[in-house]
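Let's walk through this one together, starting from the middle and working outwards. Have a look at the fold first, then read on.

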Amino acid sequence: MPIANPICPKCASVDTRRLKRHGFLQVNLFPHLSLYPWECTSCRVAFNRRYRGKLKRKRREAGEPHLPPIA
């Protein structure tokens with residue numbers, strides 16, 4: 001059963017996409033709280049959810065190895 005994107009809190013659309021983290025809170029605090037930035041493509045409202053998205057979940061299920069960043 002595929003997991004859908006989060007629902008927009010303003011218009012209840014499921015047509016949402018992940019955003020890159022911007023700003024002090026999103027970069028430094030939200031990762032520790034497992035919050036990810038999302039945007040509704042219908043009404044353009046930005047919101048945060050604990051759902052990471054399908055892409056990361058597919059990579060884990062595919063068995064791709066997690067490699068640490070090169071220092």
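One cut-off before we start: a residue counts as buried when its relative accessible area is under 20%, as exposed when that value is over 50%, and as partly exposed in between. Keep in mind that this is a predicted model. With that cut-off, tryptophan 38 counts as buried because its relative accessibility is just 2%.

So where does that tryptophan sit? Tryptophan 38 lies in strand β2, which covers residues 36-40. The strand is mostly covered, with five of its five residues buried. In a regular strand, side chains alternate between the two faces of the sheet. Here, Tyr36, Trp38 and Cys40 point one way from β2, while Pro37 and Glu39 point the other way, and all are buried.

Now zoom out to the sheet. Three strands make up an open sheet in the order β1-β2-β3, with antiparallel pairing. At the edges are β1 (16-18) and β3 (46-49), each of which pairs on one side only. On average, neighbouring strands in this sheet are turned by 35° against each other, ignoring direction.

Strands of a sheet pair through backbone hydrogen bonds, either parallel or antiparallel. On one side, β1 and β2 run antiparallel and are joined by three bridges; one pairing to look up is threonine 16 with cysteine 40 in β2. On the other side, four bridges join β2 to β3, again antiparallel. There, proline 37 stands opposite asparagine 48 of β3, and glutamate 39 stands opposite alanine 46, also of β3. The hairpin of β2 and β3 has five residues between the strands, and in it arginine 44 takes a positive phi near 65°.

Back to tryptophan 38, since its ring has a partner. The count of aromatic pairs comes to one. The ring centres of tryptophan 38 and tyrosine 51 are 5.9 Å apart and the planes are at 10°, so the pair is stacked. Because tyrosine 51 is in the loop between β3 and α2 (54-62) and tryptophan 38 is in β2, the pair ties together parts that are 13 residues apart in sequence. Tyrosine 51 is buried too, as its relative accessible area is 14%.

Finally, what about the surface? Phe24, Leu25, Leu29 and Leu33 form a nonpolar patch there, with about 400 Å² of accessible area together. Leucine 33 is found in the loop between α1 (23-29) and β2, and it counts as partly exposed because its relative accessibility is 38%.

Terms used
Residues numbered from 1 in each chain as written. Predicted model: local features only at pLDDT ≥ 70, side-chain atom pairs only at ≥ 80, totals over all residues. Heavy atoms only, no water. Pairing = 2+ DSSP bridges. Helix = DSSP H or I, 4+ residues; strand = E, 2+ residues; numbered from the N terminus. Axes fitted to C-alpha atoms, helices over the stretch in contact; angles between N-to-C directions. Patch = residues over 30% accessible without salt bridge, like charges linked within 9 Å, V, L, I, M, F, W, Y side chains within 5 Å. Areas by Shrake-Rupley, 256 points an atom, 1.4 Å probe, with all protein chains shown as cover. Salt bridge = Lys/Arg side-chain N within 4 Å of Asp/Glu carboxyl O. Buried < 20%, exposed > 50% of the residue type's maximum accessible area, 1.4 Å probe, protein only. Phe/Tyr/Trp six-rings, centres within 6.5 Å; stacked < 30°, edge-to-face > 60°.
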